[in-house]
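Biologist: Please take one part of this model and go through it closely, starting from the overall fold and working inwards. I would like to know what surrounds that part and how the charged residues around the chain are placed.

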Amino acid sequence: MVQERVLPKFETAKVQIARDEGLTIYEDMILGRYFEDKCAEMYYRGKMFGFVHLYNGQEAVSSGVIKAMRPDDYVTSTYRDHVHALSAGVPARQVAAELFGKETGCSRGRGGSMHMFSAEHNLLGGFAFVAEGIPVALGAAFQARYRREVMGDASADQVSACFFGDGASNNGQFFECLNMASLWKLPILYIVENNKWAIGMAHDRASSDTEIYRKAQVFGMPGYEVDGMDVLAVRAVAQEAIARARAGEGPTLIEALTYRFRGHSLADPDELRSPEEKEIWLARDPIKRFEAYLIEQNLATQEDFKGIQQKITAVIDDAVEFAEQSPDPKPEDLYKYIFADQD
């Protein structure tokens, strides 16, 4: 089955970007892609265990949204969370160590692949249960508005970005939280990464209205459909939504049409999706499209790309070495980090 909705509402041709900014975004996308490729290698070599869900193909969404935000803004993710963590600034060393279950991981080795968390980087978690992160993002947005308007904290203008998949848009948390966010005009972006499949269930077989962005109108908030394989198109709609949120104008629902290039998880043989569908989406690889754009606009050269790729390869090799050499959590610390420290 082939997804027909591929035309974006926001077009790259209308977007202007500086060279340094473009290369920063490109580096973030390469970091995400190469990191996930290394995860696959480590998993199949028996170095990494548990459920591992990779993000290959969806890099334009993470980089397009998170790199348009401030470092003090909030991000909530799903069980496909490694790349969101990297885009949010969590060092590759900490992400890799977490995947290896080491004490130096961003969740001290307690979370693993599906539960990345970093208070330092305002990454509020990857969540294993579908739609579980939506209420958490709502809470982060609420506290920002409360601190600003009730407690008089002028610096509390943070925005929350809530990522989830198309399957989550049929869950109760989605409807309840969008309703509250709209009522209270909370500073939040709901980003649906519609990769067409909820594990093995095709999106158009699971939803009464397959155009998810249209659900925004029920709650009186703006809803946009965007080409999730076009990083600048995603960035454009994200910048508009962030500006609205920071100005106190409330939430936005963004449906990014994207595609995962691998199976649901590394344990998935990926036999349900047709070869024809995969080929169509592989031809729209967001990294290759962005490379072509940067070359066309005279913003980068092949040498620039090669230099960034070599840099990121070194970063990831270092992260893996760091993770392998890091200590395991101590057995006597089994109950540590369960409750808040009471000094």
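Modeller: Of the 343 residues of the protein chain, 54% count as buried. The model is a predicted one. The chain has 10 helices and 7 strands, and its C-alpha atoms fill a box of roughly 55 × 50 × 40 Å along the principal axes. A compact globule of 343 residues would have a radius of gyration near 20 Å, so the 19 Å of this chain agrees with that expectation. Among contacts between residues at least 6 apart in sequence, 77% join residues at least 24 apart.

The part I take for the close look is helix α4. The helix spans residues 92–99, and 6 of its 8 residues are buried, so α4 is largely enclosed by the rest of the structure. The buried residues are Ala92, Val95, Ala96, Ala97, Glu98 and Leu99. Glu98 is thus one of the buried residues of this helix. An α-helix has 3.6 residues a turn, so residues three or four places apart point the same way. The cover over the buried residues of α4 includes α1, α3 and α10.

Just after α4, Gly101 takes a positive phi of about 70°. Further along, the loop between α4 and α5 (133–149) holds Arg108, which has a positive phi of about 60° although it is not a glycine. Asn122 is found in that loop between α4 and α5 as well, and it too has a positive phi, of about 55°, without being a glycine. As to exposure, Arg108 counts as partly exposed because its relative accessibility is 40%, whereas Asn122, at 14%, counts as buried.

Part of the cover can be followed through Phe35. Leaving out residues up to four places away in sequence, Phe35 touches Ala92, Val95, Ala96 and Leu99, and also Ile30, His82, Leu86 and Ile316. Ala92, Val95, Ala96 and Leu99 are among the buried residues of α4. His82 and Leu86 fall within α3 (82–87), and Ile316 within α10 (302–325). Phe35 itself falls within α1 (residues 19–44).

Phe35 also has a place in the wider packing. The largest nonpolar core has 67 residues, and Phe35, Val65, Leu189 and Phe290 touch the most other members. Helix α1 supplies the largest share of this core, 10 residues. A second, separate core of 21 residues includes Ala141, Phe164, Cys177 and Leu178.

Ahead of α3 comes a loop with a buried charge. Arg80 lies in the loop between β1 (74–76) and α3. Arg80 is buried yet has no salt bridge, and the nearest side chain of opposite charge, Glu36, is 6.9 Å away. The Arg80 side chain does reach a backbone oxygen, that of Leu54, at 2.7 Å. Apart from neighbours within four places in sequence, the contacts of Arg80 are His53, Leu54, Tyr55, Gln58, Asn195, Arg260, Gly263 and His264.

Elsewhere charges are paired: the whole structure has 24 salt bridges. One of them joins Glu324 and Lys47, with the closest N and O atoms 3.9 Å apart. Glu324 lies in helix α10 and Lys47 in the loop between α1 and α2 (59–66), so this pair ties together parts that are 277 residues apart in sequence. Both ends have some access to the outside: Glu324 is partly exposed at 37% relative accessibility, and Lys47 is partly exposed at 36%. A network of salt bridges links Lys38, Glu41, Arg45 and Asp317. Of these, Lys38 and Glu41 fall within the range of α1, and Asp317 within that of α10.

Two further pairs show contrasting settings. Arg70 and Asp72 form a salt bridge with the closest N and O atoms 2.9 Å apart; Arg70 is partly exposed at 31% relative accessibility, and Asp72 is partly exposed at 27%. Asp270 and Arg273 form a salt bridge with a closest N to O distance of 2.8 Å. Here Asp270 counts as buried because its relative accessibility is 14%, and Arg273 counts as buried at 4%.

To return to α4: the helix is largely enclosed, its cover includes α1, α3 and α10, and a glycine with positive phi, Gly101, comes just after it.

Conventions:
Residues are numbered from 1 along each chain as its sequence is written. This is a predicted model: local features need pLDDT of at least 70, side-chain atom pairs count only at pLDDT 80 or more; totals for chains, interfaces and linings use all residues. Side-chain values use heavy atoms; hydrogens and water are left out. Helices (H or I, at least four residues) and strands (E, at least two) are DSSP runs, numbered from the N terminus. Buried means under 20% relative accessible area, exposed over 50%, partly exposed in between (1.4 Å probe, protein chains only). Lys and Arg count as positive and Asp and Glu as negative; His and the chain ends are not counted. A salt bridge is a side-chain nitrogen of Lys or Arg within 4 Å of a carboxyl oxygen of Asp or Glu. A polar contact is a pair of N or O atoms within 3.5 Å; within protein, one must be able to donate a hydrogen and the other to accept it, and residues adjacent in sequence count only if both atoms are side-chain atoms. Contact means heavy atoms within 4.5 Å. A nonpolar core is a set of buried Ala, Val, Leu, Ile, Met, Phe, Trp, Tyr and Cys residues joined through side-chain atoms within 4.5 Å. The radius of gyration is taken over C-alpha atoms; the globule rule is 2.2 Å times the number of residues to the power 0.38.
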